[in-house]
Amino acid sequence: MSGRAQLMWDDAVTGYDFGDSHPMDPVRLALTMSLVRAFGLDRAVDVVAAKSAGESTLRLVHRPDYVAAVRAASADPDHADQSYGLGTTDDPAFAGMHEVSALIAGQSVAAAEAVWRGQTGHAVNFTGGLHHAMPGSASGFCVYNDPALAIARLLELGAERVAYVDVDVHHGDGVQAAFWEDPRVLTVSLHEHPRTLFPQTGWPEETGAGAGAGGAVNVALPAGTGDAGWLRAFHAVVPELLADFRPQVLVTQHGADTHFEDPLAHLAVSLDAQRAVMAACHDLAHEYAEDGRWVALGGGGYAVVDVVPRSWTHLVGIAAHAPVDPESVIPSSWRDEVYARTRQLGPARMTDGRTPSWKSWEEGYDPADRLDQAVLASRRAAFPLRGLLT
């Protein structure tokens, strides 16, 4: 097992661009990589540009007719077939859409392959995490579902237990759907409650089916949940599940849109709490996954200057075993680049000034508290199916 983490990066991924008025601005990717370099983290990892996912790989998750529709929309965006979710407000068609979407998927698949084969212990693709795409349609800014493709490739290579933990503010619906009946995959999603946020799925009662019953776990958090509640929910559910499942590989998705500044959602989580969950995922990989195998992906995040680059730079640092001190002052060269690209002032430090803390679930719960009600609903729905106590 290599001692150096891999960071998947190809400049061409910034071509994943739905247009000037779309919230998923690819500048968030470019600024993240620039901040990684500003802190010298590109020297602490092996930066790898992987090849695009090919047709056979895409078909591990996506239907052939859908891949054909993406190719057609990519070649002629004005005639995209909206029955496949293409050419819509959320997922506008653009020239080269297939090529760049397959490139992003290829980075996640290659990250999974490298971790499985022992070429590295940890691999990061912050350009990935596009968890809403379905087998036969685009959805929620996502064309190809790279987390599901990475997991499917691990299964193809012989993995028998893969855990997927998704802490994006939106439910990881596409990944859950891909492995709904597959007992080899455990999907865990912590997200804002479906009553108040897209995609209106991820209810606690969604627990998988058939041989995969109990393989989907959903924690639907009340709007307004902040650091203490978010961390309490994570630690009340995820470690116990991973301790029981003992995955061979841990795949995590770190959408930055849980942040209190994110314009598209309603949680109130700080950068410091996001960093704490990243560190917890790293520790859980070392504790429960074989040889600490960890694939870490990006995801949503629409505060593209103030939040996303800092959040995912912390993720890279943690995976590289070279964590960035939250009190670090951000290099002025990066802030100059931010202003040149966006005419916005960049943040000054790698922290929101919070010191995250939470009350352990083992200390008891309050049946009148909305956060505790959400955690208890999740545990009651899924834990007995796995032979665990609620």
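For a chain of 390 residues, a compact globule would have a radius of gyration near 21 Å, and the 19 Å found for this protein chain agrees with that expectation. The model is a predicted one. Along the principal axes, the C-alpha trace spans about 55 × 50 × 45 Å. The secondary structure comprises eleven helices and eight strands.

Several totals describe how the chain is packed. Of its 390 residues, 61% count as buried. Among contacts between residues at least 6 apart in sequence, 77% join residues at least 24 apart. The surface that the protein chain exposes amounts to about 13900 Å², and carbon and sulfur atoms supply 48% of this area. The chain carries 28 positive and 49 negative charges, and the mean positions of these two sets are 4 Å apart.

Charge also enters at the level of individual side chains. Side chains of opposite charge can pair when their charged atoms come close. In this model the count comes to 16 salt bridges. Three residues, E55, R59 and R71, are linked in a network of such bridges. Within this network, the side chains of E55 and R59 meet with an N to O distance of 3.3 Å. E55 also forms a salt bridge with R71, where the closest N and O atoms are 2.9 Å apart. This second pair links distant parts of the chain, since E55 belongs to helix 2 (residues 55-58) and R71 to helix 3 (residues 64-75), 16 residues apart.

How accessible are the members of this network? E55 has a relative accessible area of 26% and is therefore partly exposed. R59 is partly exposed as well, with a value of 45%, and R71 is partly exposed at 39%.

Another salt bridge joins E337 and R341, with the closest N and O atoms 2.9 Å apart. Here both partners lie in helix 10 (residues 332-342), and they are four residues apart, about one turn of the helix. E337 has a relative accessible area of 23%, so this residue counts as partly exposed. R341, at 48% relative accessibility, is likewise partly exposed.

Attention may now turn to two residues located in loops. H259 is found in the loop between strand 7 (249-253) and helix 8 (271-288). Is H259 buried or exposed? Its relative accessibility is 1%, and because buried means under 20%, H259 counts as buried. Leaving aside neighbours within four places in sequence, the residues in contact with H259 are L267, V269, S270, L271, Q274, V307 and D352. Of these contacts, L271 and Q274 have numbers that fall in the range given for helix 8 (271-288).

The second loop residue, Q248, lies between helix 7 (227-245) and strand 7. With 9% relative accessibility, Q248 also counts as buried. Which residues does Q248 touch, not counting those up to four places away in sequence? They are W116, A159, E160, R161, A289, E290 and R293. A further distance helps to place this residue: Q248 and L297 are 49 residues apart in sequence, and their C-alpha atoms are 17 Å apart in space.

How values were computed: Residues are numbered from 1 along each chain as its sequence is written. This is a predicted model: local features need pLDDT of at least 70, side-chain atom pairs count only at pLDDT 80 or more; totals for chains, interfaces and linings use all residues. Side-chain values use heavy atoms; hydrogens and water are left out. A salt bridge is a side-chain nitrogen of Lys or Arg within 4 Å of a carboxyl oxygen of Asp or Glu. Buried means under 20% relative accessible area, exposed over 50%, partly exposed in between (1.4 Å probe, protein chains only). The radius of gyration is taken over C-alpha atoms; the globule rule is 2.2 Å times the number of residues to the power 0.38. Contact means heavy atoms within 4.5 Å. Accessible areas come from the Shrake-Rupley method with a 1.4 Å probe; for residues, only the protein chains shown count as cover. Lys and Arg count as positive and Asp and Glu as negative; His and the chain ends are not counted. The place of a charge is taken as NZ of Lys, CZ of Arg, CG of Asp or CD of Glu.
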